[in-house]
Amino acid sequence: MHFHSKEPGRHIVDVLFVLALFGVFAASALMLVTIGANVYKKTVSNMNDNFAERTAYSYISEKIRQNDICDSIEIGELEGTCTLMFIRRVGDDEYCTCLYLYDGYLKELFIRRDSFTGTNLLQAGQDIMPLSGLTMEETKTGLIRLTLDTGSRALTLYASLRSDSGK
(Lines give C-alpha, C1' and ligand atoms only; values in the text may rest on other atoms or scores of the structure.)
Protein backbone atom coordinates (compact mmCIF):
# COMPACT_ATOMS: atom_id res chain seq x y z
CA MET A 1 0.00 0.00 0.00
CA HIS A 2 1.49 3.31 -1.06
CA PHE A 3 0.04 6.69 -0.15
CA HIS A 4 0.60 9.72 -2.28
CA SER A 5 -0.27 13.19 -1.31
CA LYS A 6 -2.88 14.76 -3.43
CA GLU A 7 -1.00 18.03 -3.32
CA PRO A 8 2.63 17.82 -4.50
CA GLY A 9 3.82 20.93 -2.50
CA ARG A 10 2.37 19.71 0.79
CA HIS A 11 5.41 17.55 1.59
CA ILE A 12 7.74 20.58 1.32
CA VAL A 13 5.45 22.67 3.56
CA ASP A 14 5.53 19.89 6.21
CA VAL A 15 9.35 19.82 6.12
CA LEU A 16 9.57 23.62 6.30
CA PHE A 17 7.16 23.67 9.24
CA VAL A 18 9.27 21.11 11.14
CA LEU A 19 12.48 23.05 10.36
CA ALA A 20 10.90 26.32 11.48
CA LEU A 21 9.66 24.69 14.69
CA PHE A 22 13.16 23.31 15.33
CA GLY A 23 14.66 26.78 14.68
CA VAL A 24 12.31 28.40 17.20
CA PHE A 25 13.19 25.70 19.74
CA ALA A 26 16.94 26.14 19.15
CA ALA A 27 16.70 29.95 19.42
CA SER A 28 14.67 29.66 22.65
CA ALA A 29 17.17 27.19 24.13
CA LEU A 30 20.10 29.46 23.22
CA MET A 31 18.36 32.49 24.76
CA LEU A 32 17.61 30.53 27.95
CA VAL A 33 21.25 29.40 28.26
CA THR A 34 22.48 32.97 27.72
CA ILE A 35 20.13 34.35 30.38
CA GLY A 36 21.17 31.57 32.78
CA ALA A 37 24.86 32.28 32.19
CA ASN A 38 24.35 35.99 32.91
CA VAL A 39 22.44 35.24 36.11
CA TYR A 40 25.16 32.80 37.20
CA LYS A 41 27.92 35.32 36.43
CA LYS A 42 26.16 38.02 38.46
CA THR A 43 25.55 35.62 41.36
CA VAL A 44 29.20 34.58 41.46
CA SER A 45 30.29 38.22 41.34
CA ASN A 46 27.96 39.12 44.23
CA MET A 47 29.18 36.12 46.24
CA ASN A 48 32.82 37.13 45.70
CA ASP A 49 32.07 40.72 46.74
CA ASN A 50 30.23 39.52 49.86
CA PHE A 51 33.09 37.14 50.69
CA ALA A 52 35.64 39.97 50.37
CA GLU A 53 33.54 42.25 52.58
CA ARG A 54 32.94 39.62 55.24
CA THR A 55 36.55 38.43 55.22
CA ALA A 56 38.05 41.90 55.61
CA TYR A 57 35.47 42.79 58.27
CA SER A 58 36.07 39.55 60.20
CA TYR A 59 39.84 39.76 59.91
CA ILE A 60 40.07 43.27 61.31
CA SER A 61 37.46 42.75 64.04
CA GLU A 62 39.19 39.54 65.17
CA LYS A 63 42.55 41.34 65.32
CA ILE A 64 40.93 43.98 67.52
CA ARG A 65 39.43 41.32 69.81
CA GLN A 66 42.75 39.47 70.09
CA ASN A 67 44.63 42.63 71.03
CA ASP A 68 42.05 44.31 73.25
CA ILE A 69 44.42 44.92 76.14
CA CYS A 70 44.72 48.23 77.98
CA ASP A 71 46.56 50.81 75.83
CA SER A 72 47.50 48.29 73.15
CA ILE A 73 45.37 49.52 70.22
CA GLU A 74 45.78 52.89 68.59
CA ILE A 75 45.38 54.62 65.27
CA GLY A 76 48.70 55.99 64.14
CA GLU A 77 50.71 56.81 61.09
CA LEU A 78 53.40 54.86 59.29
CA GLU A 79 55.22 56.67 56.48
CA GLY A 80 52.26 59.02 56.05
CA THR A 81 49.67 56.22 55.92
CA CYS A 82 46.91 55.87 58.51
CA THR A 83 47.52 52.62 60.37
CA LEU A 84 45.69 50.55 62.97
CA MET A 85 48.39 49.54 65.45
CA PHE A 86 48.38 46.69 67.94
CA ILE A 87 51.19 47.20 70.45
CA ARG A 88 52.74 44.47 72.61
CA ARG A 89 55.54 44.76 75.12
CA VAL A 90 58.02 41.88 75.23
CA GLY A 91 60.67 42.46 77.87
CA ASP A 92 62.03 45.95 77.33
CA ASP A 93 60.96 46.11 73.67
CA GLU A 94 57.67 47.18 72.13
CA TYR A 95 56.43 45.38 69.04
CA CYS A 96 53.69 46.58 66.78
CA THR A 97 51.41 44.80 64.35
CA CYS A 98 50.18 47.36 61.81
CA LEU A 99 47.13 47.02 59.56
CA TYR A 100 46.96 49.50 56.70
CA LEU A 101 46.01 49.99 53.06
CA TYR A 102 48.83 50.09 50.53
CA ASP A 103 48.84 49.57 46.78
CA GLY A 104 45.26 48.24 46.72
CA TYR A 105 45.80 45.68 49.49
CA LEU A 106 45.04 45.40 53.16
CA LYS A 107 48.49 44.73 54.57
CA GLU A 108 49.89 43.60 57.89
CA LEU A 109 53.36 44.41 59.18
CA PHE A 110 54.93 43.12 62.39
CA ILE A 111 57.82 45.33 63.51
CA ARG A 112 59.68 46.60 66.55
CA ARG A 113 58.27 49.97 67.52
CA ASP A 114 61.67 51.67 67.43
CA SER A 115 62.14 50.49 63.79
CA PHE A 116 59.55 52.94 62.43
CA THR A 117 62.33 55.18 61.14
CA GLY A 118 63.16 52.95 58.16
CA THR A 119 61.99 53.62 54.63
CA ASN A 120 59.70 51.51 52.47
CA LEU A 121 58.17 49.83 55.50
CA LEU A 122 54.74 49.90 53.84
CA GLN A 123 55.99 47.68 51.01
CA ALA A 124 57.37 45.17 53.51
CA GLY A 125 53.93 44.31 54.87
CA GLN A 126 52.23 41.02 54.06
CA ASP A 127 49.33 41.25 51.58
CA ILE A 128 46.16 40.11 53.33
CA MET A 129 43.53 40.78 50.67
CA PRO A 130 42.60 43.26 47.93
CA LEU A 131 40.85 46.34 49.24
CA SER A 132 39.96 49.59 47.46
CA GLY A 133 39.80 51.83 50.50
CA LEU A 134 40.29 51.86 54.25
CA THR A 135 39.63 54.79 56.56
CA MET A 136 39.88 54.73 60.33
CA GLU A 137 39.23 57.14 63.12
CA GLU A 138 38.65 57.15 66.84
CA THR A 139 35.18 58.64 67.26
CA LYS A 140 35.37 58.85 71.03
CA THR A 141 37.44 57.23 73.73
CA GLY A 142 37.28 53.50 73.26
CA LEU A 143 35.34 53.51 69.97
CA ILE A 144 37.02 53.08 66.59
CA ARG A 145 35.24 53.48 63.24
CA LEU A 146 36.74 51.66 60.25
CA THR A 147 35.29 51.99 56.74
CA LEU A 148 36.28 49.26 54.30
CA ASP A 149 35.77 49.73 50.57
CA THR A 150 35.92 46.49 48.60
CA GLY A 151 35.26 48.15 45.27
CA SER A 152 31.58 47.28 45.10
CA ARG A 153 30.45 49.04 48.27
CA ALA A 154 31.70 50.44 51.56
CA LEU A 155 31.24 48.66 54.86
CA THR A 156 31.61 50.40 58.23
CA LEU A 157 32.84 48.61 61.32
CA TYR A 158 32.54 50.10 64.80
CA ALA A 159 34.80 48.52 67.38
CA SER A 160 34.41 49.25 71.04
CA LEU A 161 37.57 48.66 73.03
CA ARG A 162 36.65 46.89 76.26
CA SER A 163 40.05 47.25 77.90
CA ASP A 164 40.07 51.01 77.64
CA SER A 165 42.65 52.86 79.70
CA GLY A 166 40.08 55.49 80.63
CA LYS A 167 41.89 58.37 78.88
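**Exercise 1. Work out which residue takes a positive phi in the hairpin of β2 and β3, and how the two strands pair.**

Keep in mind that we're working on a predicted model.

Step 1: Go to the hairpin of β2 and β3, where two residues sit between the strands; G91 is the one with a positive phi, near 65 degrees.

Step 2: Now look at the strands themselves. β2 pairs with β3 (residues 93-102) in the antiparallel sense, and seven bridges hold up that assignment.

Step 3: For a reference point in the ladder, take M85, which stands opposite C98 in β3.

**Exercise 2. Do the same for β1 and β2: find how many bridges join them, and which turn residue has a positive phi.**

Step 1: Count the bridges: six of them join β1 (residues 73-78) to β2 (residues 81-90), and the strands run antiparallel.

Step 2: Pick a facing pair. I75 stands opposite L84 in β2.

Step 3: Check the turn. This hairpin also has two residues between its strands, and E79 in the turn shows a positive phi of about 50 degrees. Here the positive value belongs to a residue other than glycine.

Step 4: Is E79 buried, partly exposed or exposed? Partly exposed covers the range between 20% and 50% relative accessible area. E79 has 36%, so E79 counts as partly exposed.

**Exercise 3. Locate D103 and classify its exposure.**

Step 1: D103 lies in the loop between β3 and β4 (105-112).

Step 2: Its phi is near 55 degrees, again a positive value in a residue other than glycine.

Step 3: The cut-off for exposed is over 50%. D103 has a relative accessibility of 66%, so D103 is exposed.

**Exercise 4. Compare the span of helix α1 with its expected value, then find its buried residues and a nonpolar surface patch.**

Step 1: α1 runs over residues 10-66, which makes 57 residues. From first C-alpha to last, the helix reaches 83 Å, close to the 84 Å expected at 1.5 Å a residue.

Step 2: List what's buried in α1: A52, E53, A56, I60, S61, K63 and I64.

Step 3: A bit of background helps with the spacing. An α-helix has 3.6 residues a turn, so residues three or four places apart point the same way.

Step 4: Now for the patch. I12, V15, L16 and L19 make a nonpolar surface patch of about 380 Å².

Step 5: Zoom in on one member. L19 is found in helix α1, and with 54% relative accessibility L19 counts as exposed.

How values were computed:
Residues are numbered from 1 along each chain as its sequence is written. This is a predicted model: local features need pLDDT of at least 70, side-chain atom pairs count only at pLDDT 80 or more; totals for chains, interfaces and linings use all residues. Side-chain values use heavy atoms; hydrogens and water are left out. Helices (H or I, at least four residues) and strands (E, at least two) are DSSP runs, numbered from the N terminus. The expected span of a helix is 1.5 Å times one less than its number of residues. Buried means under 20% relative accessible area, exposed over 50%, partly exposed in between (1.4 Å probe, protein chains only). Two strands pair if DSSP finds at least two bridges between them. Patches are made of residues with over 30% relative accessible area and no salt bridge: like charges are joined within 9 Å, nonpolar side chains (Val, Leu, Ile, Met, Phe, Trp, Tyr) within 5 Å. Accessible areas come from the Shrake-Rupley method with a 1.4 Å probe; for residues, only the protein chains shown count as cover. A salt bridge is a side-chain nitrogen of Lys or Arg within 4 Å of a carboxyl oxygen of Asp or Glu.
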